[in-house]
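Biologist: I should like to learn how a sheet is read from a model. Please take me through one case.

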Amino acid sequence: MVLLAVAGYLVVQYVTGGGGAPGCRVVSGEDGGRTYEFSPEQAVNAAAITAVGTARDLPERAVTIALATALQESSLRNIDHGDRDSLGLFQQRPSQGWGTPGEIMDPAYSAGRFYDHLVKVPGYTSLPLTVAAQRVQRSGFPEAYAKHEPDATLLAAALTGRSAATLTCEGRPGTSRDKGPDAVREALVRDFGRDVLRPAGAQADAPAATPAPSASAGGTDGRTVTLPVATGTGEGADADPGRRGWQLAHWAVANASSLHIQRVSYAGREWTAGNTDSTWGPTTAGGAQGAERAAGAVRITSTR
């Protein structure tokens, strides 16, 4: 019976990659409007995987490989079961040295461990995705990763900020109790590292776990976190401020349900939770208070 259950699980993983109720969408700006729909839970995990990769200054190809792998292994869901002792987004095994069960169930940790192994694969950016992923995962179904490459490519383009204003979610608040600017800061640090709040980060200088005055939070009502986008000239995300800005903006939209985010604004565009079409539109007069002052900054407003 156990062997049958394991076999059934593996077949389902191979054939479908899993599922989930859609609430988010990413639209290609290049391939005639190709779309990929996914759930808020999947969006949070995809954003975390991407943030960890870009925080390490890894190329978009690395993020694409990681997302395709997680789509196959867990459907981008942080599951606490799998083949033998496999756990989490990448179905990593404590018995094989990937970490403790608690560590593996932390999306940022598990993504980091995947990247640790990926960067050791010689020439991984030029290898077929199935080959690069298999060098890390040692899967029994190595070709299964291939079917996820188109969706992973769409996600990576949006979540690394290369494709602007292409990721939207309904933004209906979930059951999570995380809410408010402090929760947003904590989540930013969790995924990107503490540097995201320094000096090119949030206007609030306080540590992520420490409440900051409302004025420092970037809004007169204390509900908004403002993330000025650096104008760096070196390599990495800050070398392209527009791309960095859209990465942070899309990250916020992906986390909207879990963090009770109401509005995200950047570069004259705005997403608002609960819109019927969930599109990015021009910044509204109400949401644009101080828009000129906030030009070049991502503004994330919570419901409370």
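Modeller: One cut-off is needed beforehand: a residue is called buried when its relative accessible area is under 20%. Please note also that this is a predicted model.

Biologist: How do the side chains alternate along strand S1?

Modeller: In a regular strand, side chains alternate between the two faces of the sheet. Here, S1 covers residues 24–27. Cys24 and Val26 point to one face and are buried, whereas Arg25 and Val27 point to the other face and are not buried.

Biologist: In which order do the three strands form the sheet?

Modeller: Strands of a sheet pair through backbone hydrogen bonds, either parallel or antiparallel. In this model the sheet is open, its order is S2-S1-S3, and the pairing is antiparallel. S2 and S3 are the edge strands, each pairing on one side only. From one strand to the next, the twist averages 15°.

Biologist: Which residues stand opposite Val26 in S2 and in S3?

Modeller: S2 (residues 35–38) pairs with S1 over four bridges, and there Tyr36 stands opposite Val26. S3 (residues 167–169) pairs with S1 over three bridges. Within S3, Leu167 is the bridge partner of Val26, and Thr168 is that of Arg25.

Biologist: Where does pLDDT stay under 50?

Modeller: Where pLDDT is low, the predicted coordinates should not be read in detail. The chain has a mean pLDDT of 81, with 75% of its residues at 70 or more. The value stays under 50 over residues 1–19 and over residues 199–220. For residues 1–19 the model has 28 contacts beyond four places in sequence; for residues 199–220 it has 49.

Notes
Residues numbered from 1 in each chain as written. Predicted model: local features only at pLDDT ≥ 70, side-chain atom pairs only at ≥ 80, totals over all residues. Heavy atoms only, no water. Buried < 20%, exposed > 50% of the residue type's maximum accessible area, 1.4 Å probe, protein only. Helix = DSSP H or I, 4+ residues; strand = E, 2+ residues; numbered from the N terminus. Pairing = 2+ DSSP bridges. pLDDT = per-residue confidence, 0-100. Contact = heavy atoms within 4.5 Å. Axes fitted to C-alpha atoms, helices over the stretch in contact; angles between N-to-C directions.
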